[in-house]
Amino acid sequence: MHNYTIIPELPRCTGSIDSRELRLSHTMVFAIEEINNSTELLPGITLGYQIHDSCASVPLAMQVTFQLSNGLDPVFYTSENCSQSGMVMAIIGESGSTPSISMSRIISLFDIPQVSHFATCACLSDKQQYPSFFRTIPSDKFQADALAKLIKHFGWTWIGAVRSDSDYGNNGMASFLDAAQKEGICVEYSESFYRTHPRSRIQRVADVIRRSTSTVIVAFAASGDLRILLEELSLEPSPPRQWIGSEAWVTNPDMLRFSFCAGAIGFGIEKSVIPGLREFLLDLSPPKLAASPLLTEFWEDAFNCRLGTNAAIDGNVCDGTENIKTLQDPYTDTSQLRISNMVYKAVYAVAHAIHNAVCHGTNSTAQCDKFTRLESKQVLNQLKKVNFYKNGYDVSFDANGDPVARYELVNWQKSESGNIEMVTVGHYDASLLAGQEFHIIRNLTWVDGLKQVPVSVCSDSCPPGTRKVLQKGKPICCYDCITCPEGKISNVTDSPECFLCPKEFWPNAGRNTCFPKPIEFLSFDEVLGIILAAFSVGGACLAIITAAVFFRHRTSPIVRANNSELSFLLLFSLTLCFLCSLTFIGAPSDWSCMLRHTAFGITFVLCISCVLGKTIVVLMAFKATLPGSNVMKWFGPTQQRMTVVSFTFIQVLICTIWLVLHPPFPMKNLTTFKERIILECALGSAIGFWVVLGYIGLLALFCFVLAVLARKLPDNFNEAKLITFSMLIFCAVWITFIPAYVSSPGKFTVAVEIFAILASSFGLILCIFAPKCYIILFKPEKNTKKHLMNKNQS
């Protein structure tokens, strides 16, 4: 609480020295000294510097920023050789995004350029808010996209996410979640934390990780923050988790001590080699140690001893045997220079900007005016244009102050000795075409030392033949697999919809492929077709045999008594009736469709006409026996022939009109059965078909009525009784045919029609001709005129 009467106490640094940050600061010193010794870059001009420790604290970073903006104390520019000492031309830093944001908002007002080596927040690319900000490390926007593509590459769609509760973590994770959504990746949880949060908050995040079902965790966090979380997780290990890391921690050697994170993968800045840097870092002579409180503290912490005046406080005195070359510490580790190279490039970028502002000519003949009054705005403008090659890398900035995004894919692998090492397993270059950014050069190892890629999905992939149905209240990656409905297929994995097969195709049993539907028709190759064809041919043979018997005994009384001419004509029509059923068997064609219905209609009318003629003859014959009757002269053979021809001609006329106007035609029936095609004859005109059928029925009914009237007429062998039975069978067959025909499916429709033709034909031939043939062949004694005229014998 401030009472505004006493000046607030200045914030102070707490905690131990970060050896990695110490190495970065000395890398800057190394680069400046290298430039000052160069004869090509800024010849004759010496760069000065001042290093401040922000302690990763925004208030301290703000305090230093204000100091640098105001200029340095007069003690720093008393030399006459300095043109304008005390004015800051540029600032290198900060390592964190949040302090960098605060710094940039202030120094941009003074047009002082800021070049960061480790602030990756994508928000800093906004030139309207941070016009003087540059960086040599890629923006997290590129890293977030790369992480999303990496996760998609390995087929993970169900992940957890943790982040630092800072500008770096929140903005980085927001960019990642946006990229992940575009890649179809679902996030089970997204938790934030910070190293200063109470332990209960850290424990809650750890418990979420332990209870989660996803096996992959993306951590967009600073190494100092993640270290706190991993220490909490190490107290009560969670199930094996595959860690995916951001640059801030995945390439930090200090994090390798967490063995349960072995197999972690992430993106790191490309490794580099800076000649002479290791020797510079290890050159810590006693005078240098004494001149720098930071180096003194580092030395005492590293070797657990005390130097100079501090030795009086603690008896453990540094005796001079300490060898920094044997020290295993991030400060001395130059095996994987990543961020150090970013510092190195940042210093050189500022130097090139100053060079371009005050020097003229080529590098070998450059002439620099060290007394030129240089403004920071000039350096800012020149920084936008720098483009040089140093230490194996191109250095330049785009319109947002960002470099080209290139990363190494890093994998934490266990060595033969059991130690965890960072191994480069691939590269990522955002400047390449889509789909070509990744280049994996060696095998990866995964969590628990697995060689196979771990699986992290909310639901297993839906195989072809099924479709995805989202689970209510859950992300799109959580779904059930539902078998495609009848008639539909899906031929890809994780299909959201099932698709109808083309109308002449049908799905297979697995419902993942469409096959042509089988074509069905009544053929001569199947049992039913063979049986019906056999009965058709048998019936025709029976009619021919009967005609032969009648012709052989054509002079016998029983043949002559029953109008032999009409009998032979009837047997001929019955033969045609039997044979016309064969046209219904086989694949329908244009000709067969027209022939089968017309042949059936005409032959049956011919047949019924003959029967009708025989019935009328019976009635007329009885009338002729009455005294004074001359009826038979009006219905002699000529009139009988004309009756048959007339009735048949009417049917021929009906069939001709049907064929001319709208004839039957072959068609593929796709509606009766979904899974197969019925090849059948369409009626063309349904009216024509039912008129043909109705005309046959009308004649049959008329014949039946006349036969009933004549059934009790005298004579020993009255043919009217036989005609009555035959017409009764005929009418019964065709009355039952109509509902059976309408309701029969597929090829059975044709079978029903053939059955009706055969049944009615066999009924006629058996009822009318079988008794006569029986007498002719087996009872010849009854085949006499006397027997036929015997009216008293039954």
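This is a tutorial dialogue on reading a few features of a predicted model.

Biologist: Let's start with the sheets. In what order do strands 1, 2 and 3 lie, and is their pairing parallel or mixed?

Modeller: The general idea comes before the case. Strands of a sheet pair through backbone hydrogen bonds, either parallel or antiparallel. Here the three strands make an open sheet in the order 1-2-3, with parallel pairing. Strand 1 (91–92) and strand 3 (133–135) are the edge strands, each pairing on one side only.

Biologist: How many bridges hold strand 2 and strand 3 in register?

Modeller: Three bridges connect strand 2 (residues 114–116) with strand 3, in the parallel sense. To find your place on screen, look for Gln114, which stands opposite Phe133 in strand 3.

Biologist: And what is the strand order in the sheet that contains strands 22, 23 and 24?

Modeller: The order is 22-24-23, again in an open sheet of three strands, and the pairing is mixed. Its edges are strand 22 (519–520) and strand 23 (665–669), and each of these pairs on one side only. Strand 22 runs parallel to strand 24, and two bridges join them. Glu520 has Ile678 in strand 24 as its bridge partner.

Biologist: Strand 24 sounds worth remembering. Now to empty space: how many cavities of 30 Å³ or more are there?

Modeller: Here is the principle. Rolling a probe the size of a water molecule over the atoms shows where empty space is left. In this model the count comes to one cavity of 30 Å³ or more. The largest cavity has a volume of about 60 Å³.

Biologist: Which elements supply at least two residues each to the lining of that largest cavity?

Modeller: This is where strand 24 returns. Strand 24 (677–682) and helix 21 (747–778) each supply at least two lining residues. Strand 24 gives the most, with three residues. The lining includes Leu679, Glu680 and Cys681, along with Lys747 and Val750. Other lining residues are Phe521, Leu522, Phe584, Gly586, Pro588, Arg596. By class, seven of the lining residues are nonpolar, one is polar and three are charged.

Biologist: Next, helix packing. At what angle do helix 4 and helix 5 cross?

Modeller: Look at the axes of the two helices and the angle between them. Helix 4 (residues 140–153) and helix 5 (residues 167–182) have axes that come within 8 Å and cross at roughly 45°. That angle makes helix 4 oblique to helix 5. The crossing of helix 4 past helix 5 is right-handed.

Biologist: Why are helix 14 and helix 16 described as roughly antiparallel?

Modeller: Helix 14 (residues 527–552) and helix 16 (residues 564–580) pack at an angle of about 165°, with their axes 8 Å apart. Angles over 145 degrees count as roughly antiparallel, and helix 14 and helix 16 are therefore roughly antiparallel to each other. Helix 14 passes helix 16 in a left-handed crossing.

Biologist: Last, the backbone. Is the peptide bond from Gly93 to Glu94 cis or trans?

Modeller: Keep the usual pattern in mind. Most residues other than glycine have a negative phi, and most peptide bonds are trans. The bond from Gly93 to Glu94 is cis, with omega near 0°. Glu94 sits in the loop between strand 1 and helix 3 (97–107).

Biologist: And what is the phi of Leu42?

Modeller: Leu42 is not a glycine, yet its phi is positive, at about 50°. You will find Leu42 in the loop between helix 1 (19–36) and helix 2 (58–70).

Technical notes: Residues numbered from 1 in each chain as written. Predicted model: local features only at pLDDT ≥ 70, side-chain atom pairs only at ≥ 80, totals over all residues. Heavy atoms only, no water. Pairing = 2+ DSSP bridges. Helix = DSSP H or I, 4+ residues; strand = E, 2+ residues; numbered from the N terminus. 1 Å grid on protein atoms, 1.4 Å probe; cavity = no way out; pocket = protein on both sides within 12 Å on 5 of 7 lines; lining within 4 Å. Points joined across faces, edges and corners; volume = space filled by probe spheres on them. Nonpolar A, V, L, I, M, F, W, Y, C, P; charged D, E, K, R; others polar. Axes fitted to C-alpha atoms, helices over the stretch in contact; angles between N-to-C directions. Parallel < 35°, antiparallel > 145°, perpendicular 65-115°, else oblique. Left-handed = near helix turned anticlockwise from the far one by under 90°.
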